[in-house]
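Open the model in your viewer and keep the selection tool at hand. We will go stop by stop.

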Amino acid sequence: VRLVESGGGLVQAGGSLRLSCAASGSITSIGRMAWYRQAPGKQRELVAIITSTNSANHADSVKGRFTISRNNANRTVYLQMTSLKPEDPAVYYCNAQMLTKGTMAYLTYWGQGTKVTVSS
């Protein structure tokens, strides 16, 4: 079972990026999915979270600029980032609670991260 992020890169301040995270493997069900980020020297922080029924919440620092969404058929969660600011650069991690074949409880999985850099 894997979560693989993509879409990070270098963007100018005020620009946009769209991150994707695809789940693969012997997955029976995916519960809530989320994006976290970790800047150098800082703790990992929650950016946005979305339930299996598409109820979403965003951190105050990104509210109005970032939007989390998901496609359950493709087992993918997205993070549309607009109006990127100098304080947004970080490694962005995908996180999901998944039920896999042979298990009876949702476990939390992490992707490997994708780096976002913002130039001023």
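Which residue does Asp88 meet in a salt bridge, with the closest N and O atoms 3.0 Å apart? Select Asp88 and Arg37: Arg37 is that partner. Bear in mind that this is a predicted model.

**Stop 1: Asp88 and Arg37**

Trace the chain on either side of the pair. Asp88 sits in the loop between S8 and S9, while Arg37 belongs to strand S4, so their bridge ties together parts that are 51 residues apart in sequence. Now show the surface. Asp88 is buried, with a relative accessible area of 0%. Arg37 is buried as well, at 6%.

**Stop 2: Arg65**

Keep Asp88 selected and add Arg65. These two side chains also form a salt bridge, at 2.7 Å from N to O. Arg65 lies in the loop between strand S6 (56-58) and S7, and Asp88 in the loop between S8 and S9, so this pair links parts that are 23 residues apart in sequence. Are Asp88 and Arg65 buried or exposed? Both are buried.

**Stop 3: Glu45**

Go back to Arg37 and add Glu45. The two form a salt bridge, and their closest N and O atoms are 2.6 Å apart. Glu45 is partly exposed, with a relative accessible area of 34%.

Show the four residues together. Arg37, Glu45, Arg65 and Asp88 are joined into one network by salt bridges that share partners. The whole structure holds four salt bridges.

**Stop 4: the nonpolar core**

Clear the selection. In soluble globular proteins, nonpolar side chains tend to be buried together. How many residues does the largest nonpolar core have here? It has 28. Select Trp35, Val47, Phe66, Val77, Leu79, Met81 and Tyr92, the residues with the most contacts inside this core.

Next, colour the strands. The elements that give two or more residues to the core are S3 (17-24), S4 (27-38), S5 (45-50), S7 (66-71), S8 (76-81), S9 (90-100) and S11 (114-119). S9 supplies the largest share, five residues.

**Stop 5: Tyr92**

Finish on Tyr92 and display what surrounds it. Leaving aside neighbours within four places in sequence, Tyr92 is in contact with several residues, including Trp35, Val47, Phe66, Leu79 and Met81. Arg37, from the salt-bridge stops, is also among the contacts of Tyr92. Others to pick out include Glu5, Leu19, Tyr36, Gly113, Thr114 and Val116.

How values were computed:
Residues are numbered from 1 along each chain as its sequence is written. This is a predicted model: local features need pLDDT of at least 70, side-chain atom pairs count only at pLDDT 80 or more; totals for chains, interfaces and linings use all residues. Side-chain values use heavy atoms; hydrogens and water are left out. A nonpolar core is a set of buried Ala, Val, Leu, Ile, Met, Phe, Trp, Tyr and Cys residues joined through side-chain atoms within 4.5 Å. Buried means under 20% relative accessible area, exposed over 50%, partly exposed in between (1.4 Å probe, protein chains only). Helices (H or I, at least four residues) and strands (E, at least two) are DSSP runs, numbered from the N terminus. Contact means heavy atoms within 4.5 Å.
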